[in-house]
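Subject: Handover of a structure

Dear colleague,

Please find the structure below, together with its sequence. A summary of what was found in it follows.

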Amino acid sequence: MAKRLRLSELIGEIDDAIQNRFAGETFWITAEITDVKKQVDKRWCFLKFIEKEGSLIKAEIKGVFWSTAFGSIERFEKLSGQPFASGLEITCHVRVRFHNRFGLDLEVLDIDHSYALGKLEQERQQTLDRLVKENPKQIRVVDGQYFTRNQSLELPIVLQRIALVTAPNSDGQRDFKQEMSNNPYGYAFSVTEFLTQIQGDNSSSLIIQKLQQIEADKENFDMVVIVRGGGSQTDFKPFDDYELSKYVAVFPLPILTGIGHDRNTSIVDLMARQHKTPTKVASSIVDHNFNFESEIMDLKDRLHITTERKMDNAKDNLLQIKRTVKAYSPSTILNKGYAIITSNDQIIIDPNDIKPDTEIKTILKNELIHSTVTKKSKNELDL
């Protein structure tokens, strides 16, 4: 007959068995985490560890971070730029605990940050490899640098009509618009905002929806700007999403990004034109227009200089022509003691036009001589 025990007695025996087996021992395990619930005020975190076989959960156990280990979560988020959230695979140092009321769980003592970071980078590289493999005509990599169809689009000569994708009332939205409106050259821009969630669950699909709206009205925009900024370094994961990155890589309008800080480069950044921060994106647009204006002003100056030079040359040529005309004018010739012979009021240029008995007129400086040709002979004088 089975032994009769109170529940507390049976649980006590389980506790004794577990203590006898696991007392003083710790283990390193690798597992996926789910149902993550952080209590930041108390510096606790409750979660579940699971191991999958395909889509089926093969093993599952509760886990907990107490305040002594909560700092390892903060270090993970700071180093990785990713939130400590469900879906991550981590390697951590644990010990087995059993509580008479709350049952069996694993108390986490520390996280292997190198494994976690390596896993995230591995997933990121897999996404990049997939983008290149599945979209060879739109995305290619040369010497570690990514080239996309979107990057090959030429920026308009002047950038004015901007579609801005950002979160409402965010630091990124404010910094971008402030830099644009306060530009030192007084340029005016038309900024149309497409506000959406840009971090957290489903944000990548929400950003795609905004890009689809812009694409449907692309004739009214010169470019697209995607910005986020301020606060934590976490929550960049949406910008490593395959579908969003692919959509950006083939988007028909140039896309400029300012979705991170100096040490962050997302996959979306690699598919577009990265300028790190919202302020730097705005500055690049202002500088683009200033460069165009500078070229126009330079052309104006060069045209003015060239025109003046040509006018000066033309004046010099005209003066030379006037001098030549004056040197060969009848009055100049007569003043030098020469004479002009005319017949029938036409200047004789060819002597063959003068025949014997022809009436001619010889014009001197102060007198006219009227005569008739009686004879012609060749000039034998050696002048």
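Helix 5 and helix 9 are roughly parallel to each other, because their axes cross at roughly 25° and angles under 35 degrees count as roughly parallel. Please note that this is a predicted model. Helix 5 spans residues 171-181 and helix 9 spans residues 278-327, and their axes come within 8 Å. The crossing of helix 5 past helix 9 is right-handed. On the side of helix 5, the contact is formed by Gly172, Asp175, Phe176, Glu179 and Met180. Helix 9 contributes Pro278, Thr279, Val281, Ala282, Ser283, Ile285 and Val286. By type, the residues of this contact comprise seven nonpolar, three polar and two charged.

Helix 3 takes part in two further helix pairs, described in turn below.

The partner in one pair is helix 7, residues 242-249, whose axis comes within 10 Å of that of helix 3, residues 113-134. These two axes cross at roughly 45°, which makes helix 3 oblique to helix 7. Helix 3 passes helix 7 in a right-handed manner. Where they meet, helix 3 supplies Thr127, Arg130, Leu131 and Glu134, while helix 7 supplies Tyr242, Glu243, Ser245 and Lys246. Four residues of this contact are charged, two are polar and two are nonpolar.

The partner in the other pair is helix 2, residues 67-80. Helix 2 and helix 3 pack at an angle of about 40°, and their axes lie 10 Å apart. Their crossing is right-handed. From helix 2, the residues Ser72, Arg75, Phe76, Leu79 and Ser80 meet His113, Ala116, Leu117 and Leu120 of helix 3. The contact of helix 2 with helix 3 holds five nonpolar residues, three polar ones and one charged.

Finally, there is a pocket to report. The second largest pocket has a volume of about 280 Å³. Its lining consists of 13 residues, and those nearest its centre are Phe46, Lys62, Gly63, Val64 and Asp105. Four strands each give two or more residues to this lining: strand 1 (27-39), strand 2 (44-53), strand 3 (56-65) and strand 4 (89-99). Six of the lining residues of the second largest pocket are charged, five are nonpolar and two are polar.

With kind regards

Terms used:
Residues are numbered from 1 along each chain as its sequence is written. This is a predicted model: local features need pLDDT of at least 70, side-chain atom pairs count only at pLDDT 80 or more; totals for chains, interfaces and linings use all residues. Side-chain values use heavy atoms; hydrogens and water are left out. On a 1 Å grid over the protein atoms alone, a cavity is a set of points where a 1.4 Å probe fits but cannot get out, and a pocket is an open set with protein on both sides within 12 Å along at least five of seven lines; lining residues have an atom within 4 Å of a point. Grid points are joined across faces, edges and corners, and a volume is the space filled by probe spheres set on the points. Ala, Val, Leu, Ile, Met, Phe, Trp, Tyr, Cys and Pro count as nonpolar, Asp, Glu, Lys and Arg as charged, and the others, Gly among them, as polar. Axes are lines fitted to C-alpha atoms, for helices over the stretch in contact, and angles run from 0 to 180 degrees between N-to-C directions. Angles under 35 degrees count as roughly parallel, over 145 as roughly antiparallel, 65 to 115 as roughly perpendicular and the rest as oblique. A crossing is left-handed if the near helix is turned anticlockwise from the far one by less than a right angle, and right-handed if clockwise. Contact means heavy atoms within 4.5 Å.
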